[in-house]
Amino acid sequence: MSDSHYLDNEAKTVIIVMTSGPSTPQRCATPFYLGALLASMDADVSIFFTMEGVNLVKRGVPENLAAMEGGKKIIEFIRDAKAAGVKLHVCVPALPGYHIDAGADLIPEVDERSSGGALADLILSTDKVLFF
């Protein structure tokens, strides 16, 4: 079996753009699982929440949402990703459309409150971009 599918020793960066949210719960766990996996393989991973995805970092939402009935809560996937080194960014311009206050409503796991321009910079400077 070839080792060519594994990361080499060069630094890799991955941005996961999270647009899915509570209306599609089955799409909400995999980005965190994949982010944690990539981070454990020494990739520099960031998840950028925009559109409906911002709801996943609103207090009370990930604590009560699971990707499947009876499954692990999304907050647990978020915490696993954070423990692996994944950085979480939220798009501040998207928050008002979902009635989220950046100062009061975000879960403490969020690392950065960012702009659309920051997302553009991340996309242009990264090795891989994934969208969920």
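A nonpolar core is understood here as a set of buried Ala, Val, Leu, Ile, Met, Phe, Trp, Tyr and Cys residues joined through side-chain atoms within 4.5 Å. In the predicted model described here, the largest such core comprises 37 residues, among which F32, V45, I47, F49, I74 and V90 touch the most other members. Two or more residues are contributed to this core by each of β1, α1, β2, α2 and β3.

The pairing of the strands was examined next. Strand β1, spanning residues 12-18, pairs with β2 in the parallel sense, and seven bridges are found between them. Within this pairing, I16 has I47 of β2 as its bridge partner. Strand β2 is also joined by four bridges to strand β3 (residues 87-91), again in a parallel arrangement. Here I47 is partnered by L88 of β3, while F49 stands opposite V90 in β3. Strand β3 in turn runs parallel to β4, to which it is joined by three bridges; in that pairing, V90 stands opposite R113.

Two helical connections accompany these strands. Helix α1 (residues 30-40) forms a right-handed β-α-β unit with β1 and β2. A right-handed β-α-β unit is likewise made by β2, helix α2 (residues 74-84) and β3.

The burial of the strands was then considered. Strand β2 covers residues 43-49, and six of its seven residues are buried, so this strand is largely enclosed by the rest of the structure. For β3, four of the five residues are buried, and this strand is therefore also largely enclosed by the rest of the structure. In a regular strand, side chains alternate between the two faces of the sheet.

The surroundings of I47 illustrate the setting of β2. Apart from residues up to four places away in sequence, I47 touches I16, M18, P31, F32, V86, K87, L88 and H89. This list includes the bridge partners of I47 in β1, namely I16, and in β3, namely L88. It also includes F32, which, like I47, is among the core residues that touch the most other members.

Strand β4 (residues 112-114) contains R113. With a relative accessibility of 47%, R113 is classed as partly exposed, because this value falls short of the 50% above which a residue counts as exposed. When neighbours within four places in sequence are set aside, the contacts of R113 are V90, V92, A102 and L106. One of these, V90, is the residue that stands opposite R113 in the pairing of β3 with β4. The C-alpha atoms of R113 and G103, ten residues apart in sequence, lie 9.7 Å apart.

The loop between β3 and β4 holds H99. The relative accessible area of H99 is 67%, so this residue is exposed. Outside the residues up to four places away in sequence, H99 touches K58 and D105. A separation of 31 Å is found between the C-alpha atoms of H99 and S125, which are 26 residues apart along the chain.

Interactions involving aromatic rings were also surveyed. One aromatic pair is found in a search of the whole structure. In addition, the charged end of K72 sits over the ring of F77, at 4.5 Å from the ring centre.

Note on methods:
Residues numbered from 1 in each chain as written. Predicted model: local features only at pLDDT ≥ 70, side-chain atom pairs only at ≥ 80, totals over all residues. Heavy atoms only, no water. Buried < 20%, exposed > 50% of the residue type's maximum accessible area, 1.4 Å probe, protein only. Pairing = 2+ DSSP bridges. Right-handed = clockwise from strand over helix to strand, strands pointing away. Contact = heavy atoms within 4.5 Å. Phe/Tyr/Trp six-rings, centres within 6.5 Å; stacked < 30°, edge-to-face > 60°. Lys NZ or Arg CZ within 6 Å of the ring centre and 35° of its normal.
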